[in-house]
Amino acid sequence: MFNIYKASVLRLIKNLPFIIGCLIAIGATYFITDTGLKLEFIVNLSNEERMFFASAAMALYFSFFTTIFVPVEYADGVIRNRIISGFSQKQIYFAHLFTQYTAVLIMHVFYLTGGLLGGARFTGKGMLKVLVFFISLLAYVTITNLIAFRVKKVIVSTIITMVMFNGCFNLVMFGNVILSFVLDDKYFKVGEVIYNLNILGQWFSNTRYAESFVNPGSGIQLIESASILILIAILGSIGLKKRELK
Amino acid sequence: MLRTFYSDFRNYLKSTGFKIGVIVIFGYVTFFSAVMALLYRIALHDIVPAEDVLCSYCDMAAFLITGSTLLMFATDYSNGTIRNKILSGAKRSEIYLSAIFTGILISLIYSAIAIVFELGFALVLSDGLAILTVSEEAGICLQYMISSMAIGAFSTMLVMVLGGLRISYFAGLVFAFVCNIISSEVADKLYPQEGPVMITGARLFLYTAYDRFMPYAHFQQFQRWPFSSYVIGSAVMIAISILVGLIIFERKEIR
């Protein structure tokens, strides 16, 4: 598995869309974090809050990056050749998953560098928010990787993941209304947990725009993300042997 | 051109993508209507008004149309269909216009199907329209259909112009998502829940123009502008899609 992972990471760091993504991550985070940018909705935020605000773009980026990177496996007989060389589909699946985690890590390094250059200071509370978002992004990427690896087709998997991302956004908008006006104390905790299963829910609840009651605390958010990550990673590896590969 | 158009249209109607699109519409409208009915029952102890069911399609329209045009025309690039059409003697302008009109027609069919499903659920779940008259609601449904056609043309243009590049797989969808965010921001500023409108000058002009003429912003529960504004906005987007796309597609290298 390590050999495939190594090969995938080498392909990743030479991949033009990824390089462009990393450059955007450092550039956009720098400009947003730096107080010189007078956008209305971030003008009253501190540097650290502005840096955190920029992080949601990474979720959007990985909604299409994973699906254009992973299905290359199915082109030109790559996966068939790997299987002939003795690797199992499970090994290939996990190699891709770890490659995506590496991509998230590398992009976060660029993102944090951009924030640092823009004037953000890494306090304990600020870093905890970044950590929460980082883990939730790993969980999100686990889902996009599963879709890309199972669907096999670039276009179809991109449509599915982008619709999923838009659905996450709509759920946050919808969730804000439900939590604010509809749910009573009895069901509120359940609603809060469901709201934070979603990556954009976790992001939004850590910004200043959200009502404080939509944030159940970093501990619960981390547990939710870790649970999704483990569950989806395992689910994705089930039944891989039975697939027919052309 | 008619022959190419007929084959494109027939090809798509028979494809799995179209059937999946219809299933997605049905699933989403069912889910949305059920959630709205439940919310009204639990929170307000009331029956959901038909207006709230008849706007189910709004949230998904742009994504559904963009996804379906992407599925159809990006595949045409990847499997060499466009190259074969050129080799068979079809002109580039014919191929492009046929694609645009297929995108428009498919979008129209999708929105009509969505409205039929919504009407069915509204009849079952609600006691009828609470605020709007039937003609007003019909006008809104027509507005959805016209805006869908414009989005269908624009997203087809993006795929045809960027076809063969990886950016074509996500450009339209990212654009639809960005428009979704902009529409929320514009609605928030132009129609504040409390107090007067706080924006002025060029910003007010831009926000108003976007809200009035941009088809991506027209999927709203209520009509905010005269019907002619929606028609003009959509017609301009279709015209831009045809003109810009034709110019680029004529010069594009097709592999």
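**A walk through a two-chain predicted model**

Let's start at A:Gly124, which sits in helix α7 of chain A. This is a predicted model, and in it A:Gly124 is exposed, because just 6 other C-beta atoms lie within 10 Å and the cut-off for exposed is 12 or fewer. Its C-alpha atom is separated by 17 Å from that of A:Trp203, a residue 79 places away along the chain.

Follow α7 of chain A (124-151) to its end and you run into the loop that leads to α8 (154-182), where you'll find A:Lys152. Take a look at the backbone there: phi of A:Lys152 is near 75°, a positive value in a residue other than glycine. Why bother to point that out? Most residues other than glycine have a negative phi. As for its surroundings, A:Lys152 counts as partly exposed because it has 17 C-beta neighbours inside 10 Å.

Now step back towards the start of chain A, to helix α2, which covers residues 16-33. A quick ruler check works nicely here: at 1.5 Å a residue, its 18 residues should span 26 Å, and the end C-alpha atoms are 25 Å apart, so the two values agree. Which residues of α2(A) are buried? They are A:Gly21, A:Cys22, A:Ala25, A:Ile26, A:Thr29, A:Tyr30, A:Ile32 and A:Thr33. If you look at the numbering of such a list, it helps to remember that an α-helix has 3.6 residues a turn, so residues three or four places apart point the same way. The cover over these buried residues includes α3 (47-54), α4 and α6 (89-118) of chain A.

Next, the place where the chains meet. Chain A gives 16 residues to the contact and chain B gives 15. On the chain A side, the elements that supply two or more residues are α4 (56-69) and α8. Helix α8(A) has the largest share of that side, with 12 residues. And what kind of residues does chain A bring to chain B? There are 13 nonpolar and three polar ones, with no charged residues.

What about the inside of the model? The largest nonpolar core holds 127 residues, and those with the most contacts inside it are A:Ala59, A:Phe62, A:Leu137 and B:Ala153. Helix α6 of chain B (residues 92-125) contributes the largest share of this core, 15 residues. Pick out B:Ala153 and look around: leaving aside residues up to four places away in sequence, B:Ala153 touches B:Ile100, B:Gly103, B:Ile104, B:Met237, B:Ile238 and B:Ser241.

B:Ala153 also takes part in the contact between α6(B) and α7(B), on the α7(B) side. The axes of these two helices come within 8 Å and cross at roughly 145°, and the crossing is right-handed. From α6(B), the contact includes B:Tyr96, B:Ile100, B:Gly103 and B:Ile104, while α7(B) brings residues including B:Tyr144, B:Ser148, B:Gly152 and B:Ala153. By class, this contact has 17 nonpolar and seven polar residues, and no charged ones.

Helix α7(B), residues 134-162, also packs against α4(B), residues 58-78, at an angle of about 40° with the axes 9 Å apart. This crossing is right-handed. Among the residues that make the contact are B:Ala61, B:Ile65 and B:Phe73 of α4(B), with B:Tyr144, B:Ser148 and B:Gly152 among those of α7(B). The contact of α4(B) with α7(B) has 10 nonpolar, six polar and no charged residues.

To finish, a few stops along α6(B) itself. B:Ser93 lies in this helix and is partly exposed because it has 13 C-beta neighbours inside 10 Å. Its C-alpha atom and that of B:Ala122, 29 residues apart along the chain, are separated by 43 Å. B:Ser93 touches B:Leu246 and B:Glu250, not counting residues up to four places away in sequence.

B:Glu94, also in α6(B), counts as partly exposed with 17 C-beta neighbours inside 10 Å. Which residues does B:Glu94 touch, not counting residues up to four places away in sequence? They are B:Met1 and B:Thr4. B:Thr4 is 90 residues from B:Glu94 in sequence, yet the two are 7.4 Å apart in space, C-alpha to C-alpha.

Our last stop on α6 of chain B is B:Leu105. It is partly exposed, with 17 other C-beta atoms within 10 Å. The C-alpha atoms of B:Leu105 and B:Ser148 are separated by 9.5 Å, with their positions 43 residues apart along the chain.

Technical notes
Residues are numbered from 1 along each chain as its sequence is written. Chains are lettered from A and ligands numbered from 1 in the order in which they are written. This is a predicted model: local features need pLDDT of at least 70, side-chain atom pairs count only at pLDDT 80 or more; totals for chains, interfaces and linings use all residues. Helices (H or I, at least four residues) and strands (E, at least two) are DSSP runs, numbered from the N terminus. A residue is buried if 20 or more other C-beta atoms lie within 10 Å of its own, exposed if 12 or fewer, and partly exposed in between; C-beta atoms are placed from the backbone. A nonpolar core is a set of buried Ala, Val, Leu, Ile, Met, Phe, Trp, Tyr and Cys residues joined through C-beta atoms within 7 Å. Two residues are in contact if their C-beta atoms, placed from the backbone, lie within 7 Å. Axes are lines fitted to C-alpha atoms, for helices over the stretch in contact, and angles run from 0 to 180 degrees between N-to-C directions. A crossing is left-handed if the near helix is turned anticlockwise from the far one by less than a right angle, and right-handed if clockwise. Ala, Val, Leu, Ile, Met, Phe, Trp, Tyr, Cys and Pro count as nonpolar, Asp, Glu, Lys and Arg as charged, and the others, Gly among them, as polar. The expected span of a helix is 1.5 Å times one less than its number of residues.
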